[in-house]
Amino acid sequence: MTWVAWRQQRLLTLVSLGLVAVVAAGMAWLWADVSSVLPMDLGPLGERYSDFLSYVPMVMLVLPVLLGMFAGAPVFARELEQGTHVFGLTQSVGRGRWWATKLLVAGVPVTVAMTLLGLLNAKALGPLSFIMTSRLQTPMFESQGIVLGMYTAFAFALGATAGLLVRGTLGAMAVTIGGYLALLVVVGNAARPHYATPEFTASGSADPGVWRVEIGYLDALGKPMNFAAGDCGLDSFPKCMADQGIASQFTRFHPVERFWDFQLLESGIFVLAAAALLGAGAWAVRRIH
Amino acid sequence: MDEGSAALVAAGLGKRYRRGWALEDCTFTLPSGRIAALVGPNGAGKSTLMSLATGLLRPTAGSVEVLGRPGFLAQGKPLYQGFTVQEMLRAGRMLNPDWDDEYARRLVDEARVPLGARIRTLSGGQRTRVALAVTLGRRPEVVLLDEPLADLDPLARQEVMQALLSEVAETGTTVVLSSHVIADLDGICDHLLLLSDGRVRLAGDVEDLLAEHRLLIGPRSLEVPPEFVVERRDVERQSTVLVRGLADLPDVEVLDPTLEELTLGYFRAGRAAAERGVAA
């Protein structure tokens, strides 16, 4: 069964791996280049790489869902469209093995490749993590580390299972892109800020690279209060703040050291989601005919 | 395989889809070592029965069992389009521990299909021969072929049937062949299973069935005891009546029906019964 599954998926897998390899080559060049110029002041460093870095998150956000659509969605959908699943399911191979082998052969290479790319990105982007947003924050968080591989595993499982359920490649692709974006946005906005309790500082400043999740104002007693900027009229802001009773600013933030903890937690969410999808697929495969 | 034992047994078999019963209360036994025709109009439940027998579908009611190693050629002959013929044979080998590679290759050679050709470039006849080789390569004891001759030209039909028959004659394999074109099966099948509207209307040895039936042609006033009538058609002044178990009637032309006349009579009777059922 392994050979058959590989022969069926061969072209898509090789194209997928080729695509990841091209992106990886670009990131390896970045890593080498960054390593050669360090140490360097933050200003010139930012100037040197800001153009390049503006493209990196775009590519990294798109890659997992692209692989889910083109390597994952057709795994079962194309067979169901062409009727060849009937051939596979009426040989001396059980349904469960047919399903699992196809998933593993198609899914493992792209997941492994993207995990490696994510680790390479973490190396290359690590010294640059204060140029764009913090590396804990969208879109730099999604562009590096082990989450890349787990996003890919999720998008792949979504595409493959959608193919079993909607029985068409185009429909499965549409479900993949919709489902992936939905989970990514929801997790990034609703879940990620709460992976840990933010640290608090009343000084108003924090190290570069931290993720500020909340900035606010305190009165003289240290109680949080609102600043009504609209009421200031022609007064300067510092005077206006003082008039309103604001004594200081505070910041709640996640220190950059939490990067790998956050990566693990977010990976766990996507692995669980992928496992749920595979469970649905294991149920669906018993019903196809 | 000993003559007279069963190759396929169905008991109270039924399958319901969302739109209704595709197959209902089917009980029959197909003897082994025979070539059985599974006939019925489109939508009679032939493919559903095949899919149930191969385990592709699960029955809603009853059971069906293939006794012996099965081989199945599905409708439309699904093969991996991007594979070469050689790779398709390799797939057969990889997916079946009891694969006979030499035999499968011989079948492809005999069909003069080049091993390096891609499946999608083959003609309908070649495709069918490759599909047949992949099906028979498992050395099945019971072969189920779902509309294997559809989409073939007459010459290819004949060649495919010849190839199939010479193989099963040698090995004593049981063949179940579905078709809605009766002419393809006449003179080839020795057992008949007739489905109409999801029910078994007729089952048995073809020779026995033909011997039991008569076609009566007479005036419209012709009176036939209704218990013998399978189907009656009245056209202008003439009536044609298909009867079962009635030896003779006076003043009537009595003919032996052909297999096609016999099955068409049952198809029409089945449809008429279904229409009455809907009206009632």
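This is a short talk about two interfaces in a predicted model, the one between chain B and chain A and the one between the two domains of chain B.

Okay, some housekeeping. Residues count from 1 along each chain as its sequence is written, chains are lettered from A and ligands numbered from 1 in the order in which they are written, and side-chain values use heavy atoms, with hydrogens and water left out. Since we're looking at a prediction, local features need pLDDT of at least 70 and side-chain atom pairs count only at pLDDT 80 or more, while totals for chains, interfaces and linings use all residues.

Let's start with the two chains. Chain B puts 25 residues into the contact and chain A puts in 22; contact here means heavy atoms within 4.5 Å. Together they bury about 2,100 Å², with 63% of that on carbon and sulfur atoms. Buried area, by the way, is the accessible area (1.4 Å probe) that two parts lose on being put together, summed over both. On the chain B side, the residues that lose the most area to chain A are L56(B), Y80(B) and L95(B), together 34% of what that side buries.

What about charges? The rule finds one salt bridge across this interface, meaning a side-chain nitrogen of Lys or Arg within 4 Å of a carboxyl oxygen of Asp or Glu. Go find R7(A) and E87(B): their side chains meet at 2.8 Å, N to O. Helix 2 of chain B, residues 85-95, gives the most to the side touching chain A, with six residues. Helices here are DSSP runs (H or I, at least four residues), strands are too (E, at least two), and both are numbered from the N terminus.

Now stay inside chain B. An automatic or database assignment sets domain bounds, and here we get domain 1 (6-206) and domain 2 (212-279). Their centres, taken over C-alpha atoms, are 32 Å apart. In chain B, 14 residues of domain 1 touch eleven of domain 2, and the two domains bury about 1,100 Å², 78% of it from carbon and sulfur atoms.

So how many salt bridges link these two domains of chain B? Zero, by the rule. On the domain 1 side, strand 8 (191-196) and strand 9 (199-205) of chain B are the elements that give two or more residues. Strand 8 of chain B gives the most, with four.

That's the tour: one salt bridge between the chains, and zero between the domains of chain B.
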